[in-house]
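Thank you all for coming; I would like to take a few minutes to walk through one structure with you. Please have the sequence and the model open as I speak.

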Amino acid sequence: MKARWSVMVLMMALVAVCAIVAVADDVPAQGEGGMPPMGPPEEIKNAAKIIGTWDVATKMKMDTAQVEWMEAPAVVTFSYFLDGGAIRMDYEMEMMGMPFKGFSISTYDRETKQWQEVWVDNMSCRLSMMTGTEENGVRIMTGTDIWQGQEMLTKNTSYNFTDTSFDWTMESSVDGGKTWFTGMTATYTKRK
């Protein structure tokens with residue numbers, strides 16, 4: 001009886017080991033020690049020149065019928081947080097005689113190979129989420145948003161990057177991306 005019991009235990013252990021080996025063969029190779037890469041993605045490290053305080057010359061239009069651009073200066077601070085795994089942007093300006101404040105959190109998702117960004121401000125008091133890619137020094141972020149009850153696509157483009165400046169444009173579409181309305185432009189200049 002003891003021999004039978006020992007054989008059964010040995011067989012069960014052998015089946016368990018075979019199952020673990022079979023499952024392990026299906027798991028793709030990952031980082032050192034079997035763990036996926038951890039810590040700040042290289043794309044976040046490569047964005048180091050954006051860290052700091054910037055003066056922003058902003059122009060905006062509130063709707064398609066508006067001909068004149070409203071101009072307003074803003075101050076923006078970019079900083080690393082989560083041990084350099086993400087970038088926070090704090091934005092402050094005066095809009096229509098009222099203080100306008102907002103912030104975003106940006107990071108790079110290794111799994112999807114896309115930038116991700118969340119924005120919230122003191123006027124809309126809602127989260128806007130965007131994803132995008134960066135190619136040849138141009139980052140395009142897109143997402144779905146709501147303005148005065150109407151769903152729309154939003155596209156933010158950052159371009160003309162140097163160590164001390166870059167340009168930014170925000171466009172919106174209410175027809176699924178067939179036509180776009182430029183509602184805001186900005187030129188960022190880094191403080192010394």
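**Strands, a residue and a pocket**

Let me begin with the hairpin formed by β7 and β8, which has 2 residues between its strands, and in whose turn Q148 has a positive phi of about 50 degrees. Please keep in mind throughout that what we are looking at is a predicted model. The two strands of this hairpin pair in the antiparallel sense, and their pairing extends over 9 bridges. If you look for facing residues, you will find W147 standing opposite Q150, which belongs to β8.

Moving one strand back along the chain, we come to a hairpin made by β6 and β7, again with 2 residues between the strands, and here the turn residue N136 has a positive phi of about 50 degrees. Strand β6 covers residues 128–135 and strand β7 covers residues 138–147, and these antiparallel strands are joined by 5 bridges. Within this pairing, T131 has T142 of β7 opposite it.

Now, what do these strands belong to as a whole? They are part of a closed barrel of 10 strands, running from β1 through to β10 in order, with antiparallel pairing. From one strand to the next, the twist averages 25 degrees. Elsewhere in the barrel, strand β2, residues 70–81, pairs with strand β3, residues 86–95, in the antiparallel sense over 8 bridges, and there Y80 stands opposite I87 of β3.

Let me return to β8 and pick out a single residue, L153, which lies in that strand, spanning residues 150–159. Is L153 buried or exposed? The answer lies between the two, because its relative accessibility is 28%, and the partly exposed class runs between 20% and 50%. Leaving aside residues up to four places away in sequence, L153 touches G143, T144, E171, S172, S173, G176, G177 and W180. The last of these, W180, is 27 residues from L153 along the chain, and the C-alpha atoms of the two are separated by 8.9 Å.

Finally, I would like to turn to empty space. Rolling a probe the size of a water molecule over the atoms shows where such space is left. The second largest pocket has a volume of about 240 Å³. Its lining consists of 13 residues, and those nearest the centre of the pocket are N46, A47, K49, E134 and R139. Sorted by class, the lining of this pocket has 6 nonpolar, 3 polar and 4 charged residues.

Terms used: Residues numbered from 1 in each chain as written. Predicted model: local features only at pLDDT ≥ 70, side-chain atom pairs only at ≥ 80, totals over all residues. Heavy atoms only, no water. 1 Å grid on protein atoms, 1.4 Å probe; cavity = no way out; pocket = protein on both sides within 12 Å on 5 of 7 lines; lining within 4 Å. Points joined across faces, edges and corners; volume = space filled by probe spheres on them. Nonpolar A, V, L, I, M, F, W, Y, C, P; charged D, E, K, R; others polar. Helix = DSSP H or I, 4+ residues; strand = E, 2+ residues; numbered from the N terminus. Buried < 20%, exposed > 50% of the residue type's maximum accessible area, 1.4 Å probe, protein only. Contact = heavy atoms within 4.5 Å. Pairing = 2+ DSSP bridges. Axes fitted to C-alpha atoms, helices over the stretch in contact; angles between N-to-C directions.
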